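Student: Could you take me through one part of this model in detail? I am new to it and would like to look at a single place where a helix meets a sheet, and then at what surrounds it.

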Amino acid sequence: MRFILLVTVTVVLFSCTTGKKPDEQAFLKSLDSTKTDGPGVDEEVINAILEQIPSPLEISVLLKESGSKYNRNMLNSSNNLPKYNSNFKKALNLGIYGTDLGYTNIYGQNQDGIKYISSIKSLADELNIGQFFDVETIGRLATNSKNLDSLLLITTMNFNQINHYLQSQSRDNLSVLLLTGGWLEAMQITCQTAVKNPANKELQEKIGEQKIILEQILLLFSFYKDDANMASLSADLEQLKSAFDKININYTYKESTMEIVDGVAIIKDNSSTTIDITPQNVEEIKTITDSIRTKIIS
Amino acid sequence: MKKLVFLLLLISSVAVSSNELTEQNCNADNLANDCIPKLATGFNFLKSYKVNGDAKDKVEYSYVFTKGTQYMINVCANGTATDGIVVNLFDKERNKVASSKINGQFVSAIAYPCNATGIYYIQYTFDEPSSHCGGSALGFKR
């Protein structure tokens, strides 16, 4: 009888204090013990960093709005596909082609877009994540520039699903490579455009702001120091960081004001940032970015 | 003694089933997806967030906001409009820069024209009574 009482009390206490069943606790504990085989960090930590990095499509929208013309020569040719034989290169170039697809979509260049969809599907299949790419849907959305919102939706959702899948398979380094490839391509396109339009201060500042993103990417790479390919790319990105270190981002906080209009809180942001970046800084960042990208796409 | 055991077993089963019920009832994924089409016209979807605050007093995400871009964050919940869910936005120094609760009034969305690039923390808290279950979407426009 005492035993039954003890078990009952234990169950009640367990239910009240943790909100999880004993089996679930044991399962979670067992998951923790297997994490030593991975990069040694919690999935939530990696996810939190991955998810805070903006979509490269945000930059592409800015480029279009800045009045810069579409230039397919800035993109990675889909003909380069056969060169990518390792998973390392496949993942990076999948990210690159993803950004290129978004760029063609924003400029309504459907014929170019279709080539990228095909390359993306091939790389995804080879990385065993082809099941997350519904070519028909992506093709329909990507070839209609009015569907940017839907394309963003589907690519973001895909990326989240791919992350969870890759993490469940202890291949989360590939998520980092996908993201890094996409970011580098957006950087390369923005730098080329900025160099051609030296009077466009907004583009220069957009490049300067990428210092914050690069810091987050390098944080992700720090979890994979034992992987030779990741370590090598990390060293290249550190070189890029040295160029970014010359740029100052100064933040001034001022309390914001708010008002409610039609059921929405409209905020007036009174804080500001100033970004000290020169055309020479842009040139240096462009040179290093080009060099890293050339290694990846070759 | 038998009565005591029976009482404890009863409490135990109620406690366990209530936990299961909470987990089953909160379909934060669906609520997050429901929020996406509710972004105001002109905003492009960026992210959707699950707000499953079961046994938590807050749920937090982060995102890099950029100067010159306007962001919208909305909140969706079962039942009453926001079901006590408040979305607060903090800058990198943890200064509160926006909230969906203004002077005691709850709204379902905030529009934030960002003037300072950096990491921002999107934090969801719960004003009781709340079922601590909802979804949210983040959109942007230039």
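Tutor: In this predicted model, helix α3 of chain A, made of residues 43–52, lies across two strands of chain B, β2 and β9 (118–126), and runs at about 40° to β2(B). Those two strands belong to an open sheet of four strands in chain B, whose order is β2-β9-β4-β5 and whose pairing is antiparallel. Since β2 (58–65) and β5 (96–99) of chain B each have a single partner strand, they stand at the edges, so one side of each is left without a neighbour in the sheet. On average, and with direction ignored, neighbouring strands here are turned by 25° against each other. Towards the β5(B) edge, strand β4 of chain B, residues 85–90, pairs with β5(B) in the antiparallel sense over three bridges, and in this region B:N88 has B:S99 of β5(B) as its bridge partner.

Turning back to chain A, there is also a pair of helices to follow: the axes of α9 (residues 172–196) and α10 (residues 201–221) come within 11 Å and cross at roughly 160°. Because angles over 145 degrees count as roughly antiparallel, α9(A) is roughly antiparallel to α10(A), and the crossing in which α9(A) passes α10(A) is left-handed. Among the residues that meet there are A:V176, A:W183 and A:M187 in α9(A), and A:L203, A:I207 and A:F221 in α10(A). The residues of this contact of α9(A) with α10(A) divide into 11 nonpolar, five polar and one charged.

Definitions and conventions. Residues numbered from 1 in each chain as written. Chains lettered and ligands numbered in written order. Predicted model: local features only at pLDDT ≥ 70, side-chain atom pairs only at ≥ 80, totals over all residues. Pairing = 2+ DSSP bridges. Axes fitted to C-alpha atoms, helices over the stretch in contact; angles between N-to-C directions. Contact = placed C-beta atoms within 7 Å. Parallel < 35°, antiparallel > 145°, perpendicular 65-115°, else oblique. Left-handed = near helix turned anticlockwise from the far one by under 90°. Nonpolar A, V, L, I, M, F, W, Y, C, P; charged D, E, K, R; others polar.
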